[in-house]
Amino acid sequence: MKKSVLVVILSVVALLVAVAAGVGFIGYQFAHTRPSETQQDVVYEVEPGKAFNTIAKDLEAKGLIRNATFFSLYARFKNVRSKVKVGEYLLRTNMYPDDVLEVITSGKSIARSFTVSEGLSTYEIAELYQKEGFGTYEQFMKWVHDPAFIKSRSEEHTSELQSH
């Protein structure tokens with residue numbers, strides 16, 4: 001009886017070790033394999049409120065990662081799922097998953113120039129914002145009146161933006 005219990009326990013332990021080794025190997029392969037050997041630039045936009053799993057599926061569809069499920073699990077393992085920042089990012093099809101995570105959590109999105117002439121009203125700026133293709137008039141007006149957004153973008157302690 002004691003011998004059969006010992007055999008069962010050792011079998012379970014061996015099975016768990018084998019499963020852990022298999023998961024570790026698959027994780028290692030995923031983290032160290034590029035989705036493509038050829039470099040192609042892809043601009044990817046992380047939109048406000050987009051779930052990480054949706055981002056992972058988008059990245060897979062664009063050929064930037066090999067497997068959305070593994071990418072999501074890998075990001076959870078690295079504890080960076082909640083650190084993704086909104087913005088447009090320049091990614092390449094030959095990046096490792098770590099590199100993709102580093103870019104989309106860095107907040108260093110593609111910089112675009114948007115010049116506003118002095119003296120324009122908020123409404124005129126919103127129209128220009130939409131005309132230049134940065135977003136919608138309504139979206140701009142929402143941000144202009146959102147104290148949390150203003151505070152996140154301003155060094156001064158203010159709850160509203162100034163315009164003439």
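How are α1 and α3 oriented to each other? In this predicted model, the two helices pack at an angle of about 100°, with their axes 11 Å apart. Since angles of 65 to 115 degrees count as roughly perpendicular, α1 and α3 are therefore roughly perpendicular to each other. On the α1 side the contact is made by I26, F30 and A31, and on the α3 side by F70, F71 and Y74. Sorted by class, that gives six nonpolar residues, with no polar and no charged ones.

Helix α3, which covers residues 68–77, also packs against helix α4, residues 97–106. Here the angle is about 65° and the axes are 11 Å apart, so α3 and α4 are roughly perpendicular to each other too. The crossing of this pair is right-handed. From α3, the residues involved are F71, Y74 and A75, and they meet P97, D98, V100 and L101 of α4. The class tally for the contact of α3 with α4 is six nonpolar, no polar and one charged. F71 and Y74 thus turn up in the contact with α1 as well as in the one with α4.

Some of these residues show up again in the nonpolar core. The largest such core has 23 residues, and those with the most contacts inside it are F52, I55, L59, F71, L91, L101 and I104. Two or more residues apiece come from α1 (2–31), β1 (41–46), α2 (52–61), α3, β2 (87–92) and α4. F52 is worth a look by itself: leaving out residues up to four places away in sequence, F52 touches F71, S72, A75, R81, V84 and L101. Two of those partners, F71 and L101, are also listed among the core residues with the most contacts.

Over in helix α4 sits V103. Once neighbours within four places in sequence are set aside, V103 is in contact with Y89, L90, L91 and M95. One of these, L91, is again among the core residues with the most contacts. For a sense of scale, V103 and A20 are 83 residues apart along the chain, and their C-alpha atoms are separated by 29 Å.

Two loop residues fill in the picture around these helices. T33 has its place in the loop between α1 and β1. Not counting residues up to four places away in sequence, T33 touches R66, Y96 and P97, and P97 is one of the α4 residues that meet α3. The C-alpha atoms of T33 and V100, 67 residues apart along the chain, are separated by 12 Å. N79, meanwhile, is found in the loop between α3 and β2. Its backbone is the oddity: N79 has a positive phi of about 60° although it is not a glycine. Most residues other than glycine have a negative phi. With a relative accessible area of 54%, where exposed means over 50%, N79 is exposed.

Further along the chain, α5 and α6 form a pair of their own. Helix α6 takes in residues 137–144, and α5 packs against α6 at an angle of about 135°, with the axes 8 Å apart. That value makes α5 and α6 oblique to each other, and α5 passes α6 in a right-handed crossing. The contact brings T122, Y123, I125, A126, E127, Y129 and Q130 of α5 up against Y137, E138, Q139, F140, M141, W143 and V144 of α6. These divide into nine nonpolar, three polar and two charged residues.

E124 is found in helix α5, which covers residues 122–131. At a relative accessible area of 38%, E124 is partly exposed. The C-alpha atoms of E124 and Y137 are separated by 9.6 Å, with their positions 13 residues apart along the chain counted as the sequence separation.

The loop between α5 and α6 holds F134, which counts as partly exposed at 27% relative accessibility. Beyond the residues up to four places away in sequence, F134 touches R112, S113, F114, Y129 and Q139. Of these partners, Y129 and Q139 also belong to the contact of α5 with α6. F134 and R76, by contrast, are 58 residues apart in sequence and 31 Å apart in space, C-alpha to C-alpha.

Key
Residues numbered from 1 in each chain as written. Predicted model: local features only at pLDDT ≥ 70, side-chain atom pairs only at ≥ 80, totals over all residues. Heavy atoms only, no water. Axes fitted to C-alpha atoms, helices over the stretch in contact; angles between N-to-C directions. Helix = DSSP H or I, 4+ residues; strand = E, 2+ residues; numbered from the N terminus. Parallel < 35°, antiparallel > 145°, perpendicular 65-115°, else oblique. Left-handed = near helix turned anticlockwise from the far one by under 90°. Contact = heavy atoms within 4.5 Å. Nonpolar A, V, L, I, M, F, W, Y, C, P; charged D, E, K, R; others polar. Buried < 20%, exposed > 50% of the residue type's maximum accessible area, 1.4 Å probe, protein only. Core = buried A, V, L, I, M, F, W, Y, C linked by side-chain atoms within 4.5 Å.
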